[in-house]
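Work through the exercises below with the model open beside you. Try each task before you read its solution.

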Amino acid sequence: MDNVRSVSQGSPLPRLEQQMLWQYVLQVPRAWLIAHDTDPLAPAAAAEFLKLQARRLAGTPMAYILGQREFMGHEFQVSPAVLIPRPETELLVETGLGYLKGRVAPRVLDLGTGSGAIAISVALGCPEATVVATDFSPDALAVAGANAQRLDARVEFLCGSWYHALSDHKGFDLIVSNPPYIAAGDSHLQEGDVRFEPASALTDGEDGLAALRSIIQGASQWLKPQGALYMEHGWDQAQAVRHLLEQAGFTRLVSLPDLAGIDRVTGGIYN
Ligand SMILES: C[S@@+](CC[C@H](N)C(=O)[O-])C[C@H]1O[C@@H](n2cnc3c(N)ncnc32)[C@H](O)[C@@H]1O
């Protein structure tokens, strides 16, 4: 009879991915796999592993196969309707939470919430905040709503394009966004996991700055005086984003580097 070790032998997947698939198929912790890799295996489990392995070899991201991805220490459910939350986006959440520290009952807006990763992490990190999150994709909002419920986060989700989703929600202390910022035709859109993610989460279909421009230009109507706007952007967009913020009347501009030392979050205060 097959066992984990025999079925895995000759698997072209990296060992870590094999282990993740086995954990998912058998619903066991990693330590169990190591101790029990020669236990007899039900044929259905072996078949399920091989099916998932084939999907992975065809390029499907691990997060979509497993249906989840960790972000800010929380387990988020993901589907092909949403961008897979990236570790670099934690910088935006940490920047936002830093800004909220010491503010009484702050109001926060997350534009383009996808899985809800940013909005939910802010709500959990700052329970006294009122958090509103928008997306123009109803399918993404369904995933975000389910994540908020499962993680017990208080977030109001609204559907619509950027600020059009809002009605009487004026007066935010903080707006955060990780919008689509890859230019149309960028070769990265054809590579790796990205090929499986929703195009509308990745590219604005224009120069990569169109969504950032809309968010910056609309922000002043929705922020309180001295409110802040912070956005994630591409590795080469910090200067352009600072320029757009300056033109829109923002001051105290900052660009913050990711772990690789590349500026990936830029923001400022509206006077
Ligand atoms: C890069 S993803 C970010 C998802 C999530 N905030 C995260 O950081 O993992 C951008 C999100 O913006 C949404 N989006 C794109 N264009 C939009 C628009 N015009 N109005 C509202 N949301 C939009 C997409 O549906 C997608 O969920």
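Four exercises follow, each with a worked solution.

This is a predicted model, where local features need pLDDT of at least 70 and side-chain atom pairs count only at pLDDT 80 or more, while totals for chains, interfaces and linings use all residues. Residues are numbered from 1 along each chain as its sequence is written, and side-chain values use heavy atoms, with hydrogens and water left out.

**Exercise 1. Domains**

Task: find the domains and state how far their centres lie apart.

Solution. Start with the bounds, which come from an automatic or database domain assignment. Domain 1 spans 4–58 and domain 2 spans 71–270. Next, take the centres over C-alpha atoms: 36 Å separate them.

**Exercise 2. The ligand**

Task: describe the shell around the ligand, then list polar contacts.

Solution. Step one: collect the residues near the ligand (one heavy atom within 4 Å). There are 17, and Gly112, Asp135, Trp162, Asn178 and Ala201 come nearest. Step two: sort them. Eight are nonpolar, eight polar and one charged; Gly counts as polar here.

Step three: look for polar contacts (pairs of N or O atoms within 3.5 Å). A polar side-chain atom of Asp135 sits 2.6 Å from a ligand oxygen. Trp162 places a backbone N or O atom 2.9 Å from a ligand nitrogen. For Phe136, a polar backbone atom is 3.3 Å from a nitrogen of the ligand. Step four: check the cover. On its own the ligand has 600 Å² of accessible area (Shrake-Rupley method, 1.4 Å probe). The protein covers 95% of that area.

**Exercise 3. The open sheet**

Task: give the strand order and name the edges.

Solution. Strands are DSSP runs of E, at least two residues long, numbered from the N terminus. Two strands pair if DSSP finds at least two bridges between them. Read across the sheet: its seven strands run 5-4-3-6-7-9-8, with mixed pairing. Strand 5 (155–159) and strand 8 (250–257) are the edges, each pairing on one side only. Now zoom in on one pair. Strand 8 joins strand 9 (residues 263–270) in the antiparallel sense over six bridges. Ser255 has Thr266 as its bridge partner.

**Exercise 4. A hairpin**

Task: which residue in the hairpin of strand 1 and strand 2 takes a positive phi?

Solution. Strand 1 (residues 68–71) and strand 2 (residues 74–77) pair antiparallel over four bridges. Glu70 bridges to Glu75. Two residues lie between the strands, and Met72 has the positive phi, near 55°.

Note on methods: A polar contact is a pair of N or O atoms within 3.5 Å; within protein, one must be able to donate a hydrogen and the other to accept it, and residues adjacent in sequence count only if both atoms are side-chain atoms.
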